[in-house]
2 protein chains.
Amino acid sequence: MTTAPPYRAPVEDYAFLYGEAFGRDLLEHSTGGALTASDAVDVIAAAGDFAASVLAPLETVGDRVGAQLIDGDVRLPDGFGDAYRRFVEAGWVTAEAPESAGGDGLPRVVSAALGEIWNASNAAFALCWGLTQGQILALDAAASPALRETYLTKLVSGEWTGTMNLTEPDAGTDLGAIRTLATPRGDGSWSIRGQKIFITWGDHDAAENIVHLVLARTPDAPEGARGLSLFVAPRVLVNADGTLGERNAITTVAIEHKLGIHGSPTCQLAYDDATGYLVGELHGGLAGMFVMMNAERSAMAFQATGISDRARQQAAAYAAERRQGPVLGRPAGTPIAGHPDVQRLLSSMSSDIFAMRALGVHVADLADRADEPGAGALAEFFVPVLKGWATEEALRITSDAIQVHGGMGFIEETGVAQHYRDARIMPIYEGTTAIQSNDLVGRKVLRDGGATAETVFAQVSATAGQLAATEHPTAHRIGVRLQRAVEASRRATADLVAFAASPRDAFAVSVPYLMLLGTLAGAWMHALATVAVLRRGEASEQDAARLASADFYTAHHLPRVHALAETVAAGEIA
Amino acid sequence: MTTAPPYRAPVEDYAFLYGEAFGRDLLEHSTGGALTASDAVDVIAAAGDFAASVLAPLETVGDRVGAQLIDGDVRLPDGFGDAYRRFVEAGWVTAEAPESAGGDGLPRVVSAALGEIWNASNAAFALCWGLTQGQILALDAAASPALRETYLTKLVSGEWTGTMNLTEPDAGTDLGAIRTLATPRGDGSWSIRGQKIFITWGDHDAAENIVHLVLARTPDAPEGARGLSLFVAPRVLVNADGTLGERNAITTVAIEHKLGIHGSPTCQLAYDDATGYLVGELHGGLAGMFVMMNAERSAMAFQATGISDRARQQAAAYAAERRQGPVLGRPAGTPIAGHPDVQRLLSSMSSDIFAMRALGVHVADLADRADEPGAGALAEFFVPVLKGWATEEALRITSDAIQVHGGMGFIEETGVAQHYRDARIMPIYEGTTAIQSNDLVGRKVLRDGGATAETVFAQVSATAGQLAATEHPTAHRIGVRLQRAVEASRRATADLVAFAASPRDAFAVSVPYLMLLGTLAGAWMHALATVAVLRRGEASEQDAARLASADFYTAHHLPRVHALAETVAAGEIA
């Protein structure tokens, strides 16, 4: 029986991305010299050690035992509570929270990378961290001083955890259908009544309190999503002196039996005259919730990268040890990693994961530099692309990791199937791929006639041209492939913009268009890495591997841009 | 909570495929008039009724409870044993078995379709049927009269079931590493000692006996796969008068805890001086086993079609009922099936499933006409393409079926996740996709320099040309797209053949090449269907749907041929 190898955080990749790949020290640039790439890499390495020793060993119990609902309360799998306490004590919750909220305010390029590491080592655990961080941002943006004092400080310290309460049985993608009702009590608090479902970490025993951020309708509010307001509702009520009082009237009715992420309790919550407090403006709930939602969407790309890389590491370790049959053109005893198709699968995974990681860092860096002209708009353009594309790619990557194992991959004890199951939720939650693609096509391409897309294409084209002009044969080839893909992407964008008057045509191919952009952007990341390797002028083994990875990506993944461009041109077929 | 809709067998599709799509009555042609398409459709409809009423209702218990090992014996989930008895009584085992073995000898185009139906309604159950049928073929080809009398008759009657014992802990893909030893006892029987793993339906309580077909090494046999011989070893020994005697020395050591097909017991069997009988020639075991293996590989394509269609049916039913938000350009209250991207997912699934089903029928028809010049070679060419491509497509289709359900798809009670889990084994067992692609590239393309592939391309090109020449705008567009894809496929084949002197280049892109051929052949099936619809000259709703499906396939799936051709050209990247 094979066992999963220890988790190894991709410290070298982050060092390369922070310091070299983009032609500058990302940290030094965005923090004005307060931090350098080297400082950030130290944080990544420390997180990797913590994740490997504390979080990764709990992934199996999280999957096999899972969270359980016992007498109305959720019990986490053994070890999760202790791990959470150590996580808080080590300062990992506070590290990422913004300084305005009392946190250490790590730049996004670093906190995003931490997200990869927590998710790779234990995706079910990481969801708690991710939701708490998202709620911190939402409260930091909109909460009153009193709410900040009572709730935000406890979230930032990690003493309490946060959740996002949107979905109801008849209100999933369509938030306008939310029926949970909040009625003012006249004492500053609100009475909340309704049913919320799919509430991740909606109840658990790892922290003394849980803060729910709840979207609800108020009496006489406008119809639809514009009538929603945002409330904070704690699991345990907080006394005026900050001590904990009675349980709030929030009941965990059930937890879901899911395909994956079993360690993460997915709760059905019943609000029955529960006490809540308004966050921000009345009827301004959607905007407040979207602060949290957008943070979650960006974070999802790193969850996708993390789960994918964990699956890849397990496949690579198995392939390096397992021997089976003679390997074509290789000495006797060569492990299966030498078989041409196993090598193809491993290269496919690793080149795709680098592309996801690098694009994630690029988008986080754009967000860190949002005050620079154009950077904020580019970040917003990329968020749906990154979330949609990376989470879809993770499905293939985790599937390929099973394939490398052959029949052993299908046996649950091998452990690799868990990643395949865990990954399947990612293209669904925090907005399905279709929702991402509608955001992309509707708000970010059709609305400006493709102008922002063209800004991206011009940047990609510049990198492609730079490579195509070199005499290095691999780099030249990468540049030529990328240049052709940019042209196909421009045609696809023009085709899409031409559908503006018949929007069903545009939205019938919006997911293919999103995948096209993600695939192209991934190749651009590899092209930038290639430029950086050439600039360095060395020829280390790692440099050669980066060039081979870029070569592989542009030969195996990038050509899909041409196929997708043909699909986009077709519009709706019905 | 949603529930799965009743299973509905694709009777109309088979009527179209048998009678019209290929321009002739396939049954009348291959049986010399003994059967007609209409007769075959009656069989399909009856099987569909049986499957819907008896097999499909057991799929959930098969998944949730699964097969269990209790005191050394496997207990099937409740209802499986009874269903098996009804399956036998209804004559479904005997129907497919060749007449030479005492069966009804249904043509392969019909038995293949039955395979789709059994697998769609209950894939775990269907594996028992498939393995028994495969063993019937193997024994019919090689067993002595005595073994035929004792074992084959009982398999054909359905009283006993069959298994395939190849894999050992160190011998998966590499059968040459098999160490199970068979020693002659001098009385005509052999003593078998060894460990076999991954034995599907290796033990169960639905039939009074189980016949294991075992690959083993004999003393002084040549090294590797050429030293293997084939043996029959029954679970219960058979007395000279045909009555059942004592248990054979075969122990079920464990059953696997798998990602899917939980209702199918996957056994570790220990042979400890077990009694076996030689089948066919000493050291001729691999050839005998390959009769069975090739039957299983063709059957796998129909398992892929069946599981995919079941998942699609559930997604389509959910999408037709679930309402969520306003649908662009459609009246209020339109269910989510009207959302452009849900429509895309459903069309993607259904057009791909039709392509898989039709190509499966085409290949079965070639096998039915194997005495016609060239037909056998074409069937052999297509078998690995069909197995590899269809089982890989099934991963995406079952994934898309989850996506249509949104968050509900991730909840196990919804039932659609089962298909995603069940499907994951298909690209692995009966030879991984890499093994299929090595067979295709090594034996069927490089060996004849691409001549058989060109025979296929010429046929596809003729159909494409026929459509491109019409004035019907949809048909014309389909023909033009297909013609371009044929040209790309010819270039890819030439590139592959040029790698003959550097075989690692060829085998590094053999899976992309296999997927290219499967995708192209799927489009060819849609093109033939389009020709048949135009020939009929009607304009029924179903005809319009067939044209739209062909249009969709050639816009969304076929363009991947161009991407894959670029990948094939790249050869090995390392």
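**How the terms apply to this predicted model**

Me: Arg484(B) forms a salt bridge with Glu566(A); what makes it one?
Reply: A salt bridge needs a side-chain nitrogen of Lys or Arg within 4 Å of a carboxyl oxygen of Asp or Glu. In Arg484(B) and Glu566(A) the closest N and O atoms are 2.9 Å apart, so the pair meets the definition. Happily, there is company: the rule finds 4 salt bridges across the interface of chain B and chain A.

Me: Before we go on, what sort of model is this, and how is it numbered?
Reply: This is a predicted model, where local features need pLDDT of at least 70 and side-chain atom pairs pLDDT 80 or more, while totals for chains, interfaces and linings use all residues; side-chain values use heavy atoms, without hydrogens and water. Residues are numbered from 1 along each chain as its sequence is written, with chains lettered from A and ligands numbered from 1 in the order in which they are written.

Me: Why is the pair Phe87(A) and Trp118(A) called edge-to-face?
Reply: Rings of Phe, Tyr and Trp (its six-membered ring) pair if their centres lie within 6.5 Å, and planes under 30 degrees apart count as stacked, over 60 as edge-to-face and the rest as tilted. Here the centres are 4.9 Å apart and the planes stand at 75°, so edge-to-face is the right label. Both residues also belong to one aromatic cluster, with Trp92(A) and Phe125(A) among the other members.

Me: And why is the pair Tyr14(B) and Tyr18(B) called tilted?
Reply: Their ring centres are 5.6 Å apart and their planes at 40°, so the pair counts as tilted. Tyr14(B) and Tyr18(B) both lie in helix 1 (residues 11–21) of chain B, 4 residues apart; a helix here is a DSSP run (H or I, at least four residues), numbered from the N terminus.

Me: Why does Asp365(B) count as buried?
Reply: Buried means under 20% relative accessible area, exposed over 50%, and partly exposed in between (1.4 Å probe, protein chains only). Asp365(B) is at 2%, so it counts as buried. Arg369(B) has 9%, and therefore is buried too. The side chains of Asp365(B) and Arg369(B) meet in a salt bridge at 2.9 Å, N to O.

Me: What makes Glu572(B) partly exposed?
Reply: Its relative accessible area is 22%, so Glu572(B) is partly exposed. Arg330(A) is at 35%, so that residue counts as partly exposed as well. Glu572(B) forms a salt bridge with Arg330(A), the closest N and O atoms being 3.9 Å apart.

Key
Helix = DSSP H or I, 4+ residues; strand = E, 2+ residues; numbered from the N terminus.
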